[in-house]
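Got your viewer open and a selection tool ready? Let's take a walk through this model, one stop at a time.

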Amino acid sequence: MTAQPVHVRAGVWARLRAFAGTSVALALLVAVTAALAAAYPRAGDRYADAGLRRAVEQASPDRTSVRVDAPPPWTDTVEETEDALRPGALAAARAEILGTPRAPLVPDSAQSAYGVRTTVGVEAAETWLPRPAGLPAQLLLAAQQDLASHARISAGRLPRATGGEPVTADTARVEAAVTADTARTLHIRVGSVIHLPRPSSAPLAVRVTGIVVPRGPSGAYWSTLPVLRTPALSRMPGSALTEVYWLGALLLAPDAGPVLLGTTGSPHRYWQVAPDVATLRGHDLDGLVSAVTAFGSGPGVQRLREVVDPRLETQTNLGEILADHARLRSGIDPLLLLAAVGTGSLAVIVLAMAGGVAADRRRAELALLRARGASLPGLALRLLAETAVVAVPAGALGLTAALLALPGARTAPAVTAALAVTLLACVALPLRAVVAHRTVRMHDGREDLASARPSRRRTVAELTVLVVASGLVVVLRRQGSGGSGPVAAAPLLTGVVAALLLARLHPLPLRALSRAAGRLRGLLIPLSLAQVARAPGFAVLPLLALLSALTTAAFGGSVLAGVTAARDQAALLDVGADGRIESTTGSLPGALPDRVRRLPGVRDMAEASVTVEAKPRQGSQAVPLAGVDADAYARLAHRTGLGPFDAATLRREREDAGAAGGADRPLPALASPRVAEEYGTGPYPVLLQDGTTVTVRIVLVVDRTPAVVGDDFLIVDRAGLPGAAARTTTLLLTGDALNGRALRSATTAAQAGAGAATVLLRAEERARYVDSPLQSGAERLYGVAVAASAAYAVLALLLTVLRTAPERGALLARLRTLGMSRSQGRRLLVLTALPQAFLAAAGGLLTGWACVHLLSPGIDLTTIALASPGVLEEAALRTDPLSLAVPALAVLVLALGVPAGQAWWVGRRGSVRELRMGGE
């Protein structure tokens with residue numbers, strides 16, 4: 001590469017010293033933008049990695065491990081079969097199996113257990129083993145390798161082969177260990193002997209020599225086959241639910257596997273391949289699914305059947321877990337792409353604006369250089385060197401900050417993003433200068449805003465953008481946010497179209513106001529309008545930056561508001577109120593309602609008597625029926641919005657109050673649509689759980705109700721229910737700061753062994769819906785996108801103001817020399833800035849509102865809002881007033897505050913000094 005001339009290098013450093021403030025501002029902008037650009041892919045990788053690992057960790061190891069099983073091999077002699085079940089042969093096969101999975105599926109060799117076990121429980125003859133239904137306990141025998149490394153001895157010692165001879169199928173006595181849970185549940189102690197029948201010889205005597213405590217009991221070593229760690233109640237297929245027996249496990253010595261050949265337990269060799277969760281990466285999800293498929297049912301299995309055993313079989317649910325996680329990602333990734341495209345485009349626009357402002361401030365200097373013979377390449381090289389000296393170190397600093405702040409993610413995407421930002425910052429000024437000074441001239445013709453006419457080329461370009469934006473909006477509304485990549489630009493292009501329309505329409509009212517202001521006697525309004533009208537043609541780029549930033553902020557804020565609202569609504573549908581206390585065994589104690597009502601945070605309470613086995617027309621399907629206090633329940637329904645109604649709807653005539661509903665005095669009832677459709681409005685009898693009957697007549701149909709979670713219900717005034725059916729079973733609480741611990745303590749104290757009750761809080765249920773780091777990470781990224789969009793909007797406004805600051809200062813100084821007061825000068829600058837500030841704020845507000853309403857049919861927030869949809873089928877995008885109003889008002893205040901501050905500063909500095917600095 002040719003070295004720069006000495007005069008170019010000297011000019012670069014001279015300019016950096018002369019404009020140190022501008023250089024620092026550019027460096028700060030590039031550093032922050034590069035840091036944000038580099039941080040986004042790394043943050044996305046971290047959240048994707050954490051989400052994938054959480055999905056695998058939350059699933060039990062018996063679902064995530066790949067279980068490889070093979071029966072004893074067919075051999076010529078029993079001795080050869082026994083040798084295949086000894087540790088050496090098992091370890092050799094294990095090495096082949098662990099080497100079969102291909103990256104990114106990495107086995108965790110420490111947790112991947114192997115050995116020989118019976119696949120069918122063997123009945124134990126000992127009567128001292130517990131028999132809950134009179135059925136004998138059954139035991140699995142397992143000679144699992146490496147037991148000493150995964151268990152701590154609690155009592156006795158580990159089992160070993162007895163007699164000094166190798167264990168065979170005919171060995172009569174073996175040793176075993178049991179886990180502490182097995183010993184406690186099955187009443188086994190060290191020294192216990194358990195006899196297990198064998199088909200062709202005397203029973204096998206298993207002596208328990210030790211009790212062990214698992215190290216890492218939730219790990220794959222112990223939990224892929226949970227019965228090895230903890231006994232379980234089982235029952236034979238087709239038997240009654242009460243006919244259960246205990247199924248436990250005896251852990252034999254690692255070299256005792258051949259003894260299982262003589263039992264009735266159908267022994268198998270097994271190898272468990274547990275995935276190494278620490279190596280899982282979200283960006284490798286597709287490759288991981290492919291590797292699991294190949295290992296579980298593809299070429300990997302075929303190879304193992306050739307190497308290990310032709311009858312080898314594999315089984316795993318890891319593919320289903322990965323598929324569920326992929327569905328979660330497919331619902332979240334498009335929303336993140338929308339945020340990334342919007343914020344990234346804003347960064348590009350602001351960097352371009354920074355280069356444009358620098359080019360405008362140096363217009364006279366660059367025009368002079370061109371007039372004195374500077375070539376365009378030489379001029380561009382000089383400007384590129386000046387900018388690169390500042391931007392390259394700043395970009396490197398931003399990249400370094402992102403890498404240090406977010407470790408453990410891919411580096412290449414971050415470096416690419418930071419390089420793109422740095423390159424754009426370097427070329428923005430040279431490109432703008434080359435375009436502006438491709439022709440040598442010292443003076444540009446005036447292009448007043450009120451009289452300028454757009455060219456045909458600009459009209460064609462704007463129409464093209466309008467057509468493309470409209471098409472993308474239509475596609476997004478039809479296909480949803482999961483469509484193709486360009487669809488993600490729909491919110492941004494909505495702001496682009498609005499900016500182009502406002503730039504087109506802005507001169508029309510300005511011309512009318514200018515003509516009307518000419519007839520006014522005052523000075524400030526005509527002068528301010530004349531100043532606005534004589535300004536250069538309205539700059540589309542600043543307006544585009546402002547409207548795009550406001551639209552992106554409004555869209556992102558609406559996404560966050562929609563997520564919050566969806567979780568809140570889902571929690572409300574699950575609980576029915578802010579809090580719910582419900583008996584699981586009968587009615588609640590009579591003293592509990594008064595005790596709960598006095599607790600701090602409880603504002604109101606509605607009591608309900610819920611019967612889940614009410615049957616309209618005897619013999620039909622059961623329908624939940626709730627008896628409520630009409631006034632309190634009506635207040636709750638209105639407050640929650642779940643089936644609001646007038647309390648008088650449920651009340652009967654006063655003379656009938658207190659009498660049970662009979663055929664001649666039916667109870668007014670609220671009903672769900674399905675119940676009303678199936679049974680009609682009545683009146684008809686309803687058989688209650690205690691055998692009594694009430695007659696109801698449906699007077700109102702509502703979709704939801706607080707007392708009953710579900711789509712089928714009947715709600716009546718409990719004053720008309722029989723005494724037993726009117727006892728309180730449910731308390732529905734209202735309050736903004738309910739204390740779960742206090743509610744549970746009060747409920748437990750009131751129950752006092754009289755039954756069980758559950759306490760549900762809306763706030764706790766809402767928190768339960770954030771189940772994956774992908775969800776919480778997407779919310780954080782959207783929050784950062786909203787904050788960055790608002791910051792870029794402010795920065796775009798500041799750049800716009802800085803662009804015209806010298807001209808405003810010089811104008812105010814001239815007017816001050818003509819006798820204008822300081823207060824008049826401030827009002828003049830404010831009035832001059834008001835039209836464009838109001839246009840940007842109002843345009844941003846309307847554009848954000850229109851963007852949300854246009855795109856809401858294609859945006860589904862269910863995946864990012866809820867871990868599982870549950871009672872809420874769809875979470876829709878909704879407008880967030882704060883996200884619309886706050887950034888727009890901030891832009892308006894800043895746009896008016898900066899000129900006012902400039903007027904005050906110019907007044908302090910003096911007119912003569914300002915005119916000298918302005919060069920006029």
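Start by selecting strands β6 (residues 173-179) and β8 (residues 204-214): the two run parallel, joined by seven bridges. To see one pairing up close, pick E175, which sits opposite R207 in β8. Now add strand β10 (residues 245-252), which pairs with β6 in the antiparallel sense over two bridges. Here A177 has L251 of β10 as its bridge partner. Is β6 enclosed or open to the outside? Six of its seven residues are buried, so the rest of the structure largely encloses this strand.

**Zoom out**

Before going on, remember that you are looking at a predicted model. The mean pLDDT of the protein chain is 81, and 84% of the residues reach 70 or more. Select residues 653-663 to find a stretch where pLDDT is below 50; in the model it has 17 contacts beyond near neighbours in sequence. Residues 916-920 also fall below 50, with four such contacts. Where pLDDT is low, don't read the predicted coordinates in detail.

With the whole chain on screen, you have 28 helices and 21 strands in view. There are 920 residues, and 49% of them count as buried. How far apart in sequence are the residues that touch? Taking contacts between residues at least 6 apart, 80% join residues at least 24 apart.

**The cores**

Next, select L543, F555, Y782, I859 and L861. These are the residues with the most contacts inside the largest nonpolar core, which has 84 residues. Which helix gives the most to this core? Colour helix α10 (residues 318-361), which supplies 14 residues. For a second, separate core, select L85, V122, A253 and V292; they are among its 55 residues. As a rule, nonpolar side chains in soluble globular proteins tend to be buried together.

Stay with α10 for a moment and click on R329, which is part of that helix. Is R329 buried or exposed? Its relative accessibility is 17%, and the cut-off for buried is under 20%, so R329 counts as buried. Leaving out residues up to four places away in sequence, R329 touches A48, G282, H283, L285, P334 and L774.

**A helix with a kink**

Now select helix α12 (residues 376-405). Its 30 residues, at 1.5 Å each, should span 44 Å, and its end C-alpha atoms are 41 Å apart, which agrees. Where is the kink in this helix? Look at A388: a kink of about 35° is centred there.

**Another set of strands**

Move on to strand β14 (residues 604-616) and pick out T611. This residue is buried, with a relative accessible area of 10%. Show its surroundings and you'll find that T611 touches V623, P624, L625 and Q689, once residues up to four places away in sequence are set aside.

Add strand β17 (residues 684-687). Which of its residues make up the covered face? Y684 and V686 do, while P685 and L687 form the uncovered one. β14 and β17 run antiparallel, joined by two bridges, and P616 has V686 of β17 as its bridge partner.

On the other side of this pairing story, bring in strand β18 (residues 693-701), which pairs with β17 in the antiparallel sense over four bridges. L687 stands opposite T693 in β18. The hairpin of β17 and β18 has five residues between the strands, and there G691 takes a positive phi near 95°.

**Backbone oddities**

To finish, a little backbone hunting. Most residues other than glycine have a negative phi, and most peptide bonds are trans. Three spots to check:

- Select A103 and P104: the peptide bond joining them is cis, with omega about 10°. P104 lies in the loop between α5 (87-98) and β2 (114-118).
- Select D146, which is not a glycine but has a positive phi of about 65°. You'll find D146 in the loop between β4 (138-144) and β5 (151-156), and its relative accessibility of 41% makes it partly exposed.
- Select H187, also not a glycine, with a positive phi of about 65°. H187 sits in the loop between α6 (180-186) and β7 (193-196). With a relative accessible area of 49%, H187 is partly exposed.

Terms used. Residues are numbered from 1 along each chain as its sequence is written. Side-chain values use heavy atoms; hydrogens and water are left out. A nonpolar core is a set of buried Ala, Val, Leu, Ile, Met, Phe, Trp, Tyr and Cys residues joined through side-chain atoms within 4.5 Å. Buried means under 20% relative accessible area, exposed over 50%, partly exposed in between (1.4 Å probe, protein chains only). The expected span of a helix is 1.5 Å times one less than its number of residues. The bend at a residue is the angle between axes fitted to the seven residues ending there and the seven starting there. Two strands pair if DSSP finds at least two bridges between them. pLDDT is the predictor's confidence in each residue, from 0 to 100. Contact means heavy atoms within 4.5 Å.
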